Structures are given as structure tokens and as C-alpha cells.
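Subject: Structure for you to look at

Hello,

Here is the structure I said I would pass on. Please open it first and then read the notes below.

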Amino acid sequence: MPEARQRDFLVELEDAKRVDSVELQSILNRLPAREELTVGDIVAATGSLSAPTVYGLIESGQLKARNIGTKKDGRPCYRIPRVSFIMYYKNSFV
């Protein structure tokens with residue numbers, strides 16, 4: 001990871017750690033302890049977002065993700081940085 005990008009990530013991560021919402025903290029506790037999440041991880045942790053909704057957020061640019069390939073059914077296979085999901089949730093729901 002380039003040095004500037006790593007600094008940006010660390011700043012975002014520190015901001016994301018400041019959780020004022022009990023609901024968001026509960027969701028964070030249900031997320032896997034990985035740097036990158038799947039659409040399924042987010043759907044399972046939130047209980048309120050569906051897979052088509054998460055795909056729509058990614059495709060509209062509201063939720064940052066990277067496409068790592070294509071699934072057998074032709075859908076893109078995304079990985080969402082944990083910090084991106086946290087920032088999206090904080091800005092949208094908290």
C-alpha cells in the first residue's frame with residue numbers, strides 16, 4: 001500500500017472508530033474481523049440492507065468497493081473495505 005494511501009486509510013479508520021450509535025456498534029460487532037467485506041457480510045450484519053440494495057449502492061458510487069471478478073451467475077464479485085462501509089453507514093443512518 002503506498003504511503004499516502006496508507007495514511008488516508010489510517011485517518012479514515014480512526015474516524016470510523018469513533019462510534020456514537022449503539023445500532024452501528026451492534027452492526028460492527030456482527031461484521032467479520034476482516035479488512036474487506038463481501039456483500040453477504042454487509043447484508044447479514046445489517047439485517048436491513050438487501051443484496052440488491054448493496055449492489056446498487058456500489059454501482060452508484062455511494063459505497064466504495066473493488067470488483068475482484070465475476071460470479072458463476074454473471075454478477076460482479078465485490079470486496080468492500082470495512083472502513084468504507086462504516087463511513088457510508090455513519091453518513092447515511094447515524
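How many helices and strands does the secondary structure of the protein come to? It comes to 5 helices and 3 strands. Keep in mind that this is a predicted model. Starting at the N terminus, the order of the elements is α-α-β-α-α-β-β-α.

Some totals for the protein: it has 94 residues, of which 31% count as buried. About 5900 Å² is exposed, and carbon and sulfur atoms supply 50% of that area. Among contacts with a separation of 6 or more, 47% are between residues 24 or more positions apart.

I then turned to the aromatic rings. Searching the whole structure gives 2 aromatic pairs.

One pair is Tyr-55 with Tyr-78: the ring centres are 5.9 Å apart and the planes meet at 55°, so the pair is tilted. The two residues sit in distant parts of the chain, 23 residues apart, with Tyr-55 in helix α4 (residues 51–60) and Tyr-78 in strand β3 (residues 76–81). Tyr-55 has a relative accessible area of 10% and is therefore buried, since the cut-off is under 20%. Tyr-78 is buried too, at 13% relative accessibility.

The other pair is Phe-85 with Tyr-89, also tilted, with 5.9 Å from centre to centre and 45° between the planes. Both residues belong to helix α5 (residues 82–93); because they are 4 residues apart there, about one helical turn separates them. Phe-85 counts as buried at 1% relative accessibility, and Tyr-89 is buried with a relative accessible area of 1%.

Regards

Conventions
Residues are numbered from 1 along each chain as its sequence is written. This is a predicted model: local features need pLDDT of at least 70, side-chain atom pairs count only at pLDDT 80 or more; totals for chains, interfaces and linings use all residues. Side-chain values use heavy atoms; hydrogens and water are left out. Rings of Phe, Tyr and Trp (its six-membered ring) pair if their centres lie within 6.5 Å; planes under 30 degrees apart count as stacked, over 60 as edge-to-face and the rest as tilted. Buried means under 20% relative accessible area, exposed over 50%, partly exposed in between (1.4 Å probe, protein chains only). Contact means heavy atoms within 4.5 Å. Accessible areas come from the Shrake-Rupley method with a 1.4 Å probe; for residues, only the protein chains shown count as cover.
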